[in-house]
Amino acid sequence: MEDANVLQLKNRKFSDLYLCFCGYAKCRPLHNFGPAVRPNYIFHYIIEGKGRFSVGKETYNLCAGQGFLIEPEVVTYYEADREEPWAYIWVGFGGEKAGEYLRELGLNRERPVCRCKCREELQRIVFAMLENKTYTVANEYLLEGLLYEFISVLARHMEPGAERRTGTDNLYIRKAVEYIQNHFSYPLQVGEIADYVGINRSYLYTLFKEPVSYTHLTLPTNSRV
């Protein structure tokens, strides 16, 4: 069982990215959903408590400050902890470019879990969505804007989970290499690159320490970082 507040939408004016539903739930111990498939992308963000999320052969033990992605037509299962059941917000969405936007964030089937230290911002956005349930043209545009704001907050604050990173597919790595390629004739500082990418220098350093292949990324030989 769960105590939930939910908004579901049927009218869709937009095609690149659009909101399907959203909600907030405070779950009872061992409340679960699945195994099941969903027709849309759904991103859950844990406000408090603990639980576990399973997709394919992988199971992730998660807690407050982490999020998990459900992809369309993929079997998943998730369950609240017995002792500290979670409360979470979720946003369901679709669109022709939804998958592309998520890949830019570094979220995909291989790495569906992340950390994001922005609980208040994400919760505020979802609660604003829930407050505008009445169908009007103005609310359609408002909800679309809030969905993009939600994605923007994730893009600014998201960190990979401890399970697996996406290597050369990670947007931050690609952007960092892009900056190096465009400025290789100048003395470069790690702080400059981190500022361009939009993350702190220690996180950038951690990404480049990952034991992954960079064969698709060519670094200038005379660059100084």
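**Close-up views of a predicted model**

In this predicted model, 46% of the 225 residues of the protein count as buried. The secondary structure comes to six helices and eleven strands, and residues 24 or more positions apart account for 75% of the contacts with a separation of 6 or more.

**View 1. The largest nonpolar core and the elements that build it.** This core holds 32 residues, of which Phe43, Val91, Phe93, Leu122, Met129 and Phe150 touch the most other members. Two or more residues each are given to this core by strand 2 (18–27), strand 4 (41–48), strand 9 (87–94) and strand 10 (113–116), and likewise by helix 1 (98–105), helix 2 (119–130) and helix 3 (137–157). Helix 3 supplies the largest share of this core, namely seven residues. Apart from this core lies another one of 20 residues, which includes Phe21, Leu62, Tyr78 and Trp90. In soluble globular proteins, nonpolar side chains tend to be buried together.

**View 2. The surroundings of phenylalanine 93, a member of the largest nonpolar core.** When residues up to four places away in sequence are not counted, phenylalanine 93 touches Leu17, Tyr18, Leu19, Cys20, Asn40, Tyr41, Phe43, Ala98, Leu102 and Leu147. One of these partners, Phe43, is also among the residues that touch the most other members of the core. Another of the residues touched by phenylalanine 93 is Cys20, and cysteine 20 counts as buried because its relative accessibility, 2%, lies under 20%.

**View 3. Buried cysteines in a structure with zero disulfides.** Cysteine 116 has a relative accessible area of 1% and is therefore buried, the limit being under 20%. Cysteine 20, at 2% relative accessibility, is likewise buried. A disulfide is a covalent bond between the sulfur atoms of two cysteines. A search of the whole structure nevertheless finds zero disulfides.

**View 4. The largest cavity and its lining.** Two cavities of 30 Å³ or more are found when the whole structure is searched, and the largest cavity has a volume of about 40 Å³. Its lining is formed by Phe53, Val55, Leu69, Ile70, Glu71, Val74, Thr76, Asn108, Arg109 and Pro112. Strand 5 (50–55) and strand 7 (66–70) are the elements that give two or more residues to this lining. By residue class, the lining of the largest cavity divides into six nonpolar, two polar and two charged residues.

**View 5. Asparagine 32 in strand 3.** Asparagine 32 belongs to strand 3, which comprises residues 32–36. With a relative accessible area of 35%, asparagine 32 is partly exposed, because this value falls between the limits of 20% and 50%. Leaving aside neighbours within four places in sequence, asparagine 32 is in contact with Tyr77, Tyr78 and Glu79, and Tyr78 is among the members of the core of 20 residues. The C-alpha atoms of asparagine 32 and phenylalanine 53 are separated by 9.7 Å, the two residues being 21 residues apart along the chain; Phe53 also lines the largest cavity.

**View 6. Backbone geometry in strand 3 and in two loops.** Most residues other than glycine have a negative phi, and most peptide bonds are trans. Within this view, the peptide bond from glycine 34 to proline 35 is cis, with omega near 0 degrees, and proline 35 is found in strand 3. Leucine 30, which is not a glycine, has a positive phi of about 65 degrees and lies in the loop between strand 2 and strand 3. Glutamate 73, also not a glycine, has a positive phi of about 60 degrees, and its place is in the loop between strand 7 and strand 8 (76–80). Glutamate 73 has a relative accessible area of 56% and so counts as exposed, the limit being over 50%.

**View 7. Leucine 30 and its partners from a distant part of the sequence, 49 residues apart in the case of glutamate 79.** The C-alpha atoms of leucine 30 and glutamate 79 are separated by 5.7 Å. Leaving aside neighbours within four places in sequence, leucine 30 is in contact with Glu79, Ala80, Asp81 and Arg82. Leucine 30 is partly exposed, with a relative accessible area of 30%. Glu79 is a contact of asparagine 32 as well.

Notes
Residues are numbered from 1 along each chain as its sequence is written. This is a predicted model: local features need pLDDT of at least 70, side-chain atom pairs count only at pLDDT 80 or more; totals for chains, interfaces and linings use all residues. Side-chain values use heavy atoms; hydrogens and water are left out. A disulfide is a pair of cysteine sulfur atoms within 2.5 Å. Buried means under 20% relative accessible area, exposed over 50%, partly exposed in between (1.4 Å probe, protein chains only). On a 1 Å grid over the protein atoms alone, a cavity is a set of points where a 1.4 Å probe fits but cannot get out, and a pocket is an open set with protein on both sides within 12 Å along at least five of seven lines; lining residues have an atom within 4 Å of a point. Grid points are joined across faces, edges and corners, and a volume is the space filled by probe spheres set on the points. Helices (H or I, at least four residues) and strands (E, at least two) are DSSP runs, numbered from the N terminus. Ala, Val, Leu, Ile, Met, Phe, Trp, Tyr, Cys and Pro count as nonpolar, Asp, Glu, Lys and Arg as charged, and the others, Gly among them, as polar. A nonpolar core is a set of buried Ala, Val, Leu, Ile, Met, Phe, Trp, Tyr and Cys residues joined through side-chain atoms within 4.5 Å. Contact means heavy atoms within 4.5 Å.
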